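Me: I would like to work through this structure by asking about it one part at a time. Here are the sequence and the model.

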Amino acid sequence: MQNEQNEQNSVPFPARERADVLPNKRTRRLAVGNVALGGGAPVVVQSMLNAPASDVQANLAQIKALADAGCEVVRMAVPHRRDLDAFQAVCEASPLPVVADVHFDPHIACEAARRGAAKLRINPGNIGGLAATDAVLDAAGEAGIPIRIGVNAGSLDKSLAARDDLSLPEKLARSACAYVEYCERKGFHDVVVSAKAHDVRATVDTYRLLSTAIPHVPLHIGVTEAGTAFQGVIKSACGLGILLEQGIGDTMRISLTDDPVQEIRACWALLGSLGLRNRTPEIISCPTCGRCQVDLISLAKQVEQRLSSVAKPVRVAVMGCVVNGPGEAADADLGVACGDGCGVLFSHGNVVRKVPESGIVDALMEEVAKL
Ligand code: SF4
């Protein structure tokens, strides 16, 4: 048995370079307001407002909630020309750079650029063809702001959508690349690209094609229309996790049919899980089993809820018994290893004290506050 273990221990595992999971350094560095995007900058976390476009106060309240959760860039739909005044007011009061999301009417995009947009997002499939973007490029150039070319499977350019000799990823990538080429021929280089599908594999394949075809262009990654929170987080974590692990992606959105704040929480949890960016607490908790003698599921949920407003990358272990509890609790920044109706509290590997089950959550939070 000992020999067998020694043999297993002698297997040479290749060292894993952290550079494997760093954001792409080959992309061009752009500025979205005061936020650096691309060129090896940390992956930018963003979301989209869903308050009515005309309601300035509702949008500003949502921006504040998103900023508090760690959002760095926010996008706002500007569906009608009559919404431009509200858009301008939001830009003027927003603590975050605001991206104007414009479909169908290039005039709105031009005006948004003049009225404070930190970036424009247009869709090649519905903005009126290549020529219709000339005025938008001029307006963005004059304002000194980037443009995101956002291709979606649901609104592909009709001539490309009709081709049955191309796969969906090829169609999406070709559409985006044609637009990038057009912008660059016109002398406009501050371009970000997204090409999203609701299908995880199609999304991953599309971004892989893009990162090869236009390696200098920053990529906004996301799985579009990913669904409600449970399914959406899983699909997004699968798709974006694969891409981020390969160094693909300069900014990200996790699209959820939910409160946009949940999108930001999911983004940070994903970035933290990959070790790319850490901002929020991580909970290490066991699944419980027949050995557990406290209500660990309730304790872990209470700890998660209390930590949801903490913006520190602290690791907190909430463990059910002596099997793995002391090891995990000692390894985390803070932890509790539970026994029969009680728990032993750890801080940075050292035992702090023993507390009754009813005091575990408060005791952990007291230790969090000291960090
Ligand atoms: Fe079960 Fe203990 Fe492992 Fe939790 S730590 S799953 S209670 S053995």
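Reply: A definition comes before the questions: Ala, Val, Leu, Ile, Met, Phe, Trp, Tyr, Cys and Pro count as nonpolar, Asp, Glu, Lys and Arg as charged, and the others, Gly among them, as polar. Also, this is a predicted model.

Me: Which class, nonpolar, polar or charged, has seven residues in the shell around the ligand?

Reply: The residues surrounding the ligand include C286, P287, C289, C292 and M319. Cys, Pro and Met count as nonpolar. The shell also has three polar residues and one charged residue. The class with seven residues is nonpolar.

Me: How many helices and how many strands does the protein have?

Reply: The C-alpha trace spans about 70 × 55 × 30 Å along its principal axes. Of the 371 residues, 50% count as buried. Within this chain there are 13 helices and 15 strands.

Me: What is the order of the strands in the open sheet of eight?

Reply: The pairing in this sheet is parallel. Its edge strands are strand 8 (191–196) and strand 9, each of which pairs on one side only. Those two therefore stand at the ends of the order, which is 8-7-6-5-4-3-10-9.

Me: Which residue of strand 8 stands opposite V151?

Reply: Strand 7, residues 147–152, runs parallel to strand 8 and is joined to it by six bridges. V151 faces a residue of strand 8, and that residue is A195.

Me: Which residues of strand 6 point the other way from K119 and R121?

Reply: In a regular strand the side chains alternate between the two faces of the sheet. Strand 6 covers residues 119–122, and K119 and R121 point one way. The residues that point the other way, buried like K119 and R121, are L120 and I122.

Me: Which residue of strand 6 does V102 stand opposite?

Reply: Strand 5 (residues 98–102) and strand 6 run parallel and are joined by four bridges. Helix 4 lies across both strands, at about 170° to strand 6. The residue opposite V102 is I122.

Me: Is F104 buried or exposed?

Reply: F104 lies in the loop between strand 5 and helix 4 (106–114). Its phi is positive, about 70°, although F104 is not a glycine. A residue counts as exposed when its relative accessible area is over 50%. The value for F104 is 64%, so F104 is exposed.

Me: What is the relative accessible area of E225?

Reply: E225 also has a positive phi without being a glycine, at about 45°. E225 sits in the loop between strand 9 (220–221) and helix 9 (229–245). E225 counts as exposed, because its relative accessible area is 57%.

Me: Which helix gives the largest share of the largest nonpolar core?

Reply: This core has 76 residues, and F87 is one of those with the most contacts inside it. Leaving out residues up to four places away in sequence, F87 touches M76, V78, V98, V99, A100, A112 and A117. The largest share of the core is eight residues, and they come from helix 7.

Me: How many residues are in the other core, the one with L296 and I360?

Reply: This core lies apart from the largest one. V310 and C338 are also among its members. Its number of residues is 22.

Me: Which strands stand at the edges of the open sheet of five strands?

Reply: This sheet has mixed pairing and the order 11-12-13-14-15. Its edge strands each have a single partner strand, so one side of each is left without a neighbour in the sheet. They are strand 11 (282–285) and strand 15 (350–356).

Me: Which residue is the bridge partner of S285 in strand 12?

Reply: Strand 11 and strand 12 (residues 315–319) run parallel and are joined by four bridges. The partner of S285 in strand 12 is V318.

Me: Is A330 exposed or partly exposed?

Reply: A330 is found in helix 12, residues 325–331. Beyond its neighbours within four places in sequence, A330 contacts F346, H348 and G349. Partly exposed covers values between 20% and 50%. A330 has 26% relative accessibility, so A330 counts as partly exposed.

Methods: Residues are numbered from 1 along each chain as its sequence is written. This is a predicted model: local features need pLDDT of at least 70, side-chain atom pairs count only at pLDDT 80 or more; totals for chains, interfaces and linings use all residues. Side-chain values use heavy atoms; hydrogens and water are left out. A nonpolar core is a set of buried Ala, Val, Leu, Ile, Met, Phe, Trp, Tyr and Cys residues joined through side-chain atoms within 4.5 Å. Buried means under 20% relative accessible area, exposed over 50%, partly exposed in between (1.4 Å probe, protein chains only). Contact means heavy atoms within 4.5 Å. A residue is near a molecule or strand if one of its heavy atoms lies within 4 Å of it. Axes are lines fitted to C-alpha atoms, for helices over the stretch in contact, and angles run from 0 to 180 degrees between N-to-C directions.
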